Amino acid sequence: MDLNAQMVLVSVIVPTHNRPDLLARTLKSILNQTFSNLQIIVVSNGMSPQNKKAASKFNDKRIEYYDQENTGGPSAPRNLGIEKAKGEFLAFCDDDDIWMPEKIKKQINLMQKNSRLGLCFTKMKRFDEDKEWWLSHESGHANFNSLLYVNTVPISSVMVRKTLLANECFFSESKKVGPNEDYEFLLRCAQVTKFGYLDEFLIKYWSGGNRTTSLYRRDFQSIFYYYISMLNIYLMVYKKGKSRFKDFLGPVFFLSFTCFKQFTVTLLQRLNFRK
């Protein structure tokens, strides 16, 4: 990495909520980056002395800690972090995920070599208390059309130019998007910029106990609310006026089929369980 790259400031935004042990593990992986010019912004979603203590234990001047009222999701903490960010580049990391040491360095190199990229992301592994694994359908290059069908962009791997956020605003805090605020954010970004992709496992995504969200909760209510939130996201993105109505027809059909399939599988499991 050349001297100019090292002088770039990267602001890392870490939303957290009452999980000091996981937060400490995440911060350790960020502080262990080979790229050291970092502003690490920890925003606690709800007042938490334990979170503050976990962050302060590192005694690192690069860490800034903020408390705010609990808003029920990571959008508001991320948005506060964006407001506090001083870096030319911003990166996001949830408080239960882990970065590999070369992550920021490799992303900075990629972004500086290609000024057309407004955002870049990396491959991820899942991990829990016992093992690590990865899913092929969660990996690969992404653009607006591909994202409408499947999200291959883990938010904890994302690095974005701050100038892009100035144009595209922040994360949606609308309850209509449910727990999929990162997906709505990525779709808006993909409408106006190209995404860079590093085909390397540079983050680990926590899939064990005390997770932020559940990927596939097998109950009817969750399937329904997921379906409605995704339809709301498509509608919100369409209203931005940067995409055609027909661009969303295939994805809506695919979403409907997927949710119906999940509904059917869940129903059959319930029926078999009762036998």
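Lys123 counts as buried, at 13% relative accessibility (buried means under 20% relative accessible area, exposed over 50% and partly exposed in between, with a 1.4 Å probe and protein chains only). The structure is a predicted model, in which local features need pLDDT of at least 70 and side-chain atom pairs count only at pLDDT 80 or more, while totals for chains, interfaces and linings use all residues. Residues are numbered from 1 along each chain as its sequence is written, and side-chain values use heavy atoms, with hydrogens and water left out.

Lys123 is a good place to begin with the charged pairs. Its side chain meets that of Asp199 in a salt bridge, 3.4 Å from N to O (a salt bridge is a side-chain nitrogen of Lys or Arg within 4 Å of a carboxyl oxygen of Asp or Glu). Lys123 lies in strand S6 (residues 117-127) and Asp199 in strand S9 (residues 194-206), so the pair ties together parts that are 76 residues apart in sequence. Here helices (H or I, at least four residues) and strands (E, at least two) are DSSP runs, numbered from the N terminus. Unlike the buried Lys123, Asp199 is exposed, with a relative accessible area of 52%.

A second salt bridge involves S6 as well: Glu138 pairs with Arg126, and the closest N and O atoms are 2.7 Å apart. Glu138 belongs to the loop between strand S7 (132-133) and helix H6 (144-147), whereas Arg126 is in strand S6, so this contact links parts that are twelve residues apart in sequence. Both Glu138 and Arg126 are buried. Asp128 and Lys131 also meet through their side chains in a salt bridge, at 2.9 Å from N to O. Of these two, Asp128 counts as buried at 15% relative accessibility, while Lys131 is partly exposed at 46%. Elsewhere, salt bridges that share partners join Arg19, Asp95 and Asp96 into one network. By the rule stated above, the count comes to 13 salt bridges.

Strand S6 deserves a look of its own. Ten of its eleven residues are buried, so S6 is largely enclosed by the rest of the structure. S6 runs parallel to S9, and ten bridges join the two (two strands pair if DSSP finds at least two bridges between them). Within this pairing, Lys125 stands opposite Lys204 in S9. S6 also pairs with strand S8 (residues 159-161), in the antiparallel sense and over two bridges; there, Cys120 has Met159 as its bridge partner. Two bridges join S6 to S7, again in an antiparallel arrangement, and Phe127 is matched with Glu132 in S7. S6 and S7 form a hairpin with four residues between them.

Strand S2 (residues 38-45) has eight of its eight residues buried, so S2 is largely enclosed by the rest of the structure. Both of its faces are covered, with Leu38, Ile40, Val42 and Ser44 buried on one side and Gln39, Ile41, Val43 and Asn45 buried on the other. Strand S1 (residues 10-16) runs parallel to S2, and seven bridges join them; Pro15 has Val43 as its bridge partner in S2. S2 also pairs with strand S3 (residues 63-68) in the parallel sense, over six bridges, and Asn45 is matched with Gln68 in S3.

Two crossovers accompany these pairings. S1, helix H2 (residues 20-31) and S2 make a right-handed β-α-β unit, and S2, helix H3 (residues 49-56) and S3 make another right-handed β-α-β unit. A crossover is right-handed if, with the strands pointing away from the viewer, the path from the first strand over the helix to the second runs clockwise.

Turning to the other helices, H4 (residues 75-84) includes Lys84. Eight of the ten residues of H4 are buried, so this helix is largely enclosed by the rest of the structure. Lys84 is partly exposed, with a relative accessible area of 35%. The C-alpha atoms of Lys84 and Glu64 are separated by 9.4 Å, and these residues are 20 residues apart along the chain. Helix H8 (residues 181-192) is mostly covered, with eleven of its twelve residues buried; among them are Tyr183, Phe185, Leu186 and Leu187.

Finally, helix H9 (residues 220-239) contains Tyr238, which is partly exposed at a relative accessible area of 32%.
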